[in-house]
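User: I have a model open on my screen and would like to understand the reasoning behind its labels. Could you take me through them?
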Amino acid sequence: MKHDRSNRIRELIGQRTVLPVLVIDDAAKAVPLARALADGGLKLIEITLRTPAALSAIAAIAEALPGIEVGAGTVCDASDARHAQKAGARFAVSPGHATNLGKACAELGLPYLPGVATASEVMAARNDGYDVMKFFPAEAAGGLAMLAALAGPFPDVMFCPTGGIDAANAPAYLARSNVLCVGGSWIAPRDEVTAGHWAKLTGLAAAAARLQRGG
Ligand code: 3PG
């Protein structure tokens with residue numbers, strides 16, 4: 001089976017091991033936050049479409065910081081994907097997978113990371129041509145044991161676990177051979193963003209950027 005639909009997401013992730021998942025309440029905080037994370041070494045970021053400010057936040061970062069790869073998270077349908085791309089998102093991440101969402105992203109030329117939590121969902125995404133998948137919600141869906149179990153039948157699939165990942169458990173996830181990167185909000189806690197504690201956020205980003213695959 002040919003799995004070429006994940007090529008561009010693979011390229012974007014490259015050697016990166018951590019994808020910050022950001023919830024932005026105030027679009028005015030987007031650029032200083034992205035700059036703080038980039039100063040710590042994290043230049044690939046996901047802004048979740050969970051707040052009214054999300055699309056403006058993506059647009060502000062795309063405009064002001066072209067060196068940062070900003071993507072949209074919580075992309076649940078084709079309309080989300082279109083709005084995200086129009087705002088300047090360079091990739092789309094979904095908590096799940098739907099064939100028509102994947103097709104819409106392919107038509108838009110928007111790299112797409114589908115989400116899975118079960119063997120059947122892995123099979124459906126694989127069948128649609130993807131071999132890099134977000135594993136969500138990682139901790140609630142079986143965590144490390146589930147990833148080990150999925151490696152048996154799906155040796156060709158790489159996962160980006162998110163949901164319950166933090167500085168303490170990220171190294172164990174990255175030690176798994178079927179984990180490409182981990183994602184999460186621990187790098188940019190909502191209250192620290194609201195308070196504008198940029199130096200602290202740069203420190204959290206720098207610690208995350210030091211995480212390596214293979215533990
Ligand atoms: C996501 O969308 O990837 C998750 O909500 C991130 O989960 P976390 O907040 O537990 O890191």
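Analyst: Happy to. Let us begin with the largest cavity, whose lining is made up of Ile-9, Leu-12, Ile-13, Leu-19, Leu-44, Phe-91, Val-93 and Leu-113. Please keep in mind that this is a predicted model.

User: What makes the lining of the largest cavity nonpolar, polar or charged?

Analyst: Ile, Leu, Phe and Val count as nonpolar. The lining has eight nonpolar residues, with no polar and no charged ones. Helix H1 (residues 7–13) gives the largest share of this lining, three residues.

User: How many cavities are there, and what is the volume of the largest cavity?

Analyst: With a cut-off of 30 Å³ or more, the count comes to three cavities. The largest cavity has a volume of about 50 Å³.

User: Now the ligand, please. How do you know which residues are around the ligand?

Analyst: A residue is included if one of its heavy atoms lies within 4 Å of the ligand. That gives Val-21, Arg-50, Lys-134, Phe-136, Thr-162, Gly-163, Gly-164, Gly-184 and Ser-185. By class, this shell has two nonpolar, five polar and two charged residues; Gly is counted among the polar ones.

User: Why is the pair between the ligand and the side chain of Lys-134 called a polar contact?

Analyst: The cut-off for a pair of N or O atoms is 3.5 Å. An oxygen atom of the ligand is 2.6 Å from an N or O atom in the Lys-134 side chain, so the pair is within that limit and counts as a polar contact. The side chain of Thr-162 also has an N or O atom 2.7 Å from a ligand oxygen. At Gly-164, a polar backbone atom is 2.7 Å from an oxygen of the ligand. Taken alone the ligand exposes 310 Å², and the protein buries 80% of that.

User: Which strands form the open sheet, and in what order?

Analyst: Three strands form it in the order E6-E7-E8, with parallel pairing. Strand E6 (115–116) and strand E8 (158–161) each have a single partner strand, so they stand at the edges, with one side of each lacking a neighbour in the sheet.

User: How do you know that E7 and E8 pair?

Analyst: Pairing needs at least two bridges between two strands. Four bridges join strand E7 (residues 132–135) to E8, so the pair meets that condition. Val-132 stands opposite Met-158 in E8.

User: Which peptide bond is cis, and where does its proline lie?

Analyst: The bond from Phe-136 to Pro-137 is cis, with omega near -5°. Pro-137 lies in the loop between E7 and helix H7 (143–151). Phe-136 is also one of the residues around the ligand.

Terms used: Residues numbered from 1 in each chain as written. Predicted model: local features only at pLDDT ≥ 70, side-chain atom pairs only at ≥ 80, totals over all residues. Heavy atoms only, no water. Polar contact = N/O pair within 3.5 Å; in protein donor to acceptor, adjacent residues only side chain to side chain. Areas by Shrake-Rupley, 256 points an atom, 1.4 Å probe, with all protein chains shown as cover. 1 Å grid on protein atoms, 1.4 Å probe; cavity = no way out; pocket = protein on both sides within 12 Å on 5 of 7 lines; lining within 4 Å. Points joined across faces, edges and corners; volume = space filled by probe spheres on them. Helix = DSSP H or I, 4+ residues; strand = E, 2+ residues; numbered from the N terminus.
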